[in-house]
Protein chains: 2
Amino acid sequence: MDVKTVCLGMLTSGAASGYDLKKYFESSFGHFFVAGYGSIYPALSSLAESGLVTCRDIPQEGKPDRKVYSITAAGRQELMCALAKPKPGHKVRSEFLAMLWFAHLMSHEQINTVIDYRLDEVDKFLDMLDELGDCDEHEECTGANFVAGFGRAIATACKNYLEENRHTLVAGKTKELKSATG
Amino acid sequence: MDVKTVCLGMLTSGAASGYDLKKYFESSFGHFFVAGYGSIYPALSSLAESGLVTCRDIPQEGKPDRKVYSITAAGRQELMCALAKPKPGHKVRSEFLAMLWFAHLMSHEQINTVIDYRLDEVDKFLDMLDELGDCDEHEECTGANFVAGFGRAIATACKNYLEENRHTLVAGKTKELKSATG
DNA sequence: ATGCATACTATCAGTTTGATATATGGAAAC
DNA sequence: GTTTCCATATATCAAACTGATAGTATGCAT
């Protein structure tokens, strides 16, 4: 399940350009599988070379040509193989948590700044999910709904944890602030 | 906050070899910041070249020499700069969720397999955290405890969500299984 | 008129991944 | 007794990915 495979999967719901796929990644997909142009364009080129997708050039006035990719039968087969993988990975790369691991080397202010920023990002993410909403019509949306719900659950848990436990990181610096400010 | 910076941070609690750092990454750090030999060794070499760490060769009998790295004053300064970054990232790369996004292209059995596998991994992770336990003695452990707690919270939320919602992915395939099996 | 956003493509240095190689000693399996 | 596996320790490499940058055109705001 690399970027190539995910692109292949996205193309099952219709032909699209690299630009389209990027927007797709940015909206719903973005939070759990990041991909930029630097990986999408090479992925599409490689897929075309292997015959898993075909490319059609659509000239446009005043804009660069759109290169619209469609999945082939071979591409569908390849995708099915990838979906048979029994042990898919799930990796987190968090500068945020890595920083807070070293919280004892940070100032009270620095800690608050990074936590506030993270809470902000989580809120933005939850808002995005709300705007998207769930789709109850198409059967092919069950997966998307499930994943969106997963995102909601994790984001909420993240938010709650940060709000309820941030005091443990600044308590050592402020020493019994609660009674001192009365 | 790349691998270099995290290595620098780990070295603040004592000199260590690349092998030691790998074990460190694998145990407590592993779940939110993955790093293999392929990134650790080059990171240490690069840090040594920049004068942010020093290296001491310790010959051993029957085993390759240990290269033990220590952080320098310049290294500490560099680390402090990195810890001042106000907007640390937090990225997820989930083949698991990417697969389930395409659940409508998967068989009932495939879906159950990947969810069972993920639940297994989450349980292993929670067990690992329990074995590690919290350290209440050193002030420098507040960050580690906070991060471990975060991991516990997220893992628990993940487990609950998967257990409570997996039925939505297989319901379409089994159609009213609940009453049919009575 | 200058800057910025949208629409579209594409490249590239630097970083990371995951597998593999090398070498030895000890424990466990057969 | 010997093969096989694991732990200790280093290191490299192709393939993949990141994040920034670049180019080209339209339109909209300031």
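These are my notebook entries on chain A, a predicted model.

**Fold.** I started with the secondary structure and counted nine helices and three strands in chain A. Then I read the order along the sequence, which runs α-α-α-β-β-α-β-α-α-α-α-α.

**Overall dimensions.** How does the radius of gyration of chain A sit against that of a compact globule of 182 residues? I found 22 Å for chain A, where such a globule would have a value near 16 Å. I also looked up the box filled by the C-alpha atoms, and along the principal axes it is roughly 70 × 35 × 30 Å.

**Contacts and burial.** I took the contacts between residues at least 6 apart in sequence, and 53% of these join residues at least 24 apart. Of the 182 residues in chain A, 41% are buried.

**Surface and charge.** The accessible surface of chain A came out at about 9,400 Å². Carbon and sulfur atoms account for 51% of that surface. Next I checked the charges: chain A carries 20 positive and 25 negative ones, and their mean positions lie 7 Å apart.

**Helix 1.** I saved a friendly stop at helix 1 for last. Why do I call helix 1 of chain A largely enclosed by the rest of the structure? Helix 1 spans residues 3–11, and eight of its nine residues are buried, so the rest of the structure largely encloses it. I noted the buried ones by name: A:Val3, then A:Thr5, A:Val6, A:Cys7, A:Leu8, A:Gly9, A:Met10 and A:Leu11.

Conventions
Residues numbered from 1 in each chain as written. Chains lettered and ligands numbered in written order. Predicted model: local features only at pLDDT ≥ 70, side-chain atom pairs only at ≥ 80, totals over all residues. Heavy atoms only, no water. Helix = DSSP H or I, 4+ residues; strand = E, 2+ residues; numbered from the N terminus. Rg over C-alpha atoms; globule rule 2.2 N^0.38 Å. Buried < 20%, exposed > 50% of the residue type's maximum accessible area, 1.4 Å probe, protein only. Contact = heavy atoms within 4.5 Å. Areas by Shrake-Rupley, 256 points an atom, 1.4 Å probe, with all protein chains shown as cover. Lys, Arg positive; Asp, Glu negative; His and termini not counted. Charge placed at Lys NZ, Arg CZ, Asp CG, Glu CD.
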